[in-house]
Amino acid sequence: MNQRLDYARLGADLFQRYLAFSQAFHMDHGLALLVDIRASQLNGCAFCLDMHVKQARMHGERELRLHHVAVWRESPLFTARERAALAWTEALTRLGPEGLSDELYELGRAEFTEAELAELAFRITAINGWNRLSIAFRTAPGSKDKVYGLDKAGLA
């Protein structure tokens with residue numbers, strides 16, 4: 001797979017602003033990575049999936065949980081809060097004509113404050129944008145590992 005163009009370099013100002021937005025979250029880093037991984041799986045973004053799995057491992061996430069993200073509904077390895085975040089991730093990533101159901105909204109409200117739900121929705125929006133950029137311009141998995149310090153994950 002050949003990268004089509006380097007959007008980070010060609011749109012450097014916008015890239016930096018979007019990166020700043022993406023790093024402005026206060027939510028639990030482990031939960032944020034689960035959200036990023038699941039959205040990237042759903043969108044088929046190899047670059048982002050590769051990056052966030054490496055980040056999760058570097059932050060101590062267990063390997064089996066990473067394997068189970070794709071089957072989180074059937075897995076006993078996730079908390080109710082993580083399940084609610086993953087359900088929101090799926091719903092907002094694959095947003096259908098019905099939008100987000102009242103049932104799913106209430107599931108989120110049971111686990112998150114309103115401010116946390118707003119932040120979760122922004123987080124999901126951010127990763128979906130990154131996925132679309134990386135897919136559009138064919139950013140190769142692992143191609144930015146040295147730049148982002150992911151070569152230290154020892155997963156290459």
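This is a short dialogue on how to read a predicted model of one protein chain.

Visitor: What should I know before I begin to read this model?

Guide: The model is predicted, so to speak of a local feature a pLDDT of at least 70 is needed, side-chain atom pairs count only at pLDDT 80 or more, and totals for chains, interfaces and linings use all residues. Residues are numbered from 1 along each chain as its sequence is written, and side-chain values use heavy atoms, with hydrogens and water left out.

Visitor: How many helices and strands are there in the chain?

Guide: Helices (H or I, at least four residues) and strands (E, at least two) are DSSP runs, numbered from the N terminus. In this chain there are nine helices and zero strands, and the pattern read along the sequence is α-α-α-α-α-α-α-α-α.

Visitor: What radius of gyration does the chain have, and what would a compact globule have?

Guide: The radius of gyration is taken over C-alpha atoms, and the globule rule is 2.2 Å times the number of residues to the power 0.38. For 156 residues a compact globule would come near 15 Å, and the 16 Å of the chain agrees with that. The C-alpha trace spans about 40 × 30 × 25 Å along its principal axes.

Visitor: Which share of the residues is buried?

Guide: Buried means under 20% relative accessible area, exposed over 50%, and partly exposed in between, with a 1.4 Å probe and protein chains only. Of the 156 residues in the chain, 40% are buried.

Visitor: Where is Thr139 found, and is Thr139 buried or exposed?

Guide: Thr139 is found in the loop between H8 and H9, and Thr139 counts as buried because its relative accessibility is 5%. A contact means heavy atoms within 4.5 Å; leaving aside neighbours within four places in sequence, Thr139 is in contact with Met1, Gln3, Tyr7, Phe47 and Ser134. The loop between H8 and H9 also holds Arg138, which counts as partly exposed at 36% relative accessibility and has a phi near 55 degrees, a positive value in a residue other than glycine. Ser143 is found in that loop between H8 and H9 too, and Ser143 is partly exposed, with a relative accessible area of 40%.

Visitor: Which residues does Gln41 touch, if those up to four places away in sequence are not counted?

Guide: Gln41, which is found in helix H3, touches Leu49, Val69 and Ala70 on that count. Gln41 and Ala70 are 29 residues apart along the chain, and their C-alpha atoms are separated by 7.4 Å. For the whole chain, among contacts between residues at least 6 apart in sequence, 72% join residues at least 24 apart.

Visitor: What volume does the largest pocket have, and which residues lie nearest its centre?

Guide: Rolling a probe the size of a water molecule over the atoms shows where empty space is left. On a 1 Å grid over the protein atoms alone, a pocket is an open set of points where a 1.4 Å probe fits, with protein on both sides within 12 Å along at least five of seven lines, and lining residues have an atom within 4 Å of a point. The largest pocket has a volume (the space filled by probe spheres set on the points, which are joined across faces, edges and corners) of about 680 Å³. Its lining has 30 residues, of which Leu19, Gln23, Met51, His52 and Gln55 lie nearest the centre, and H4 gives the most to that lining, with six residues.
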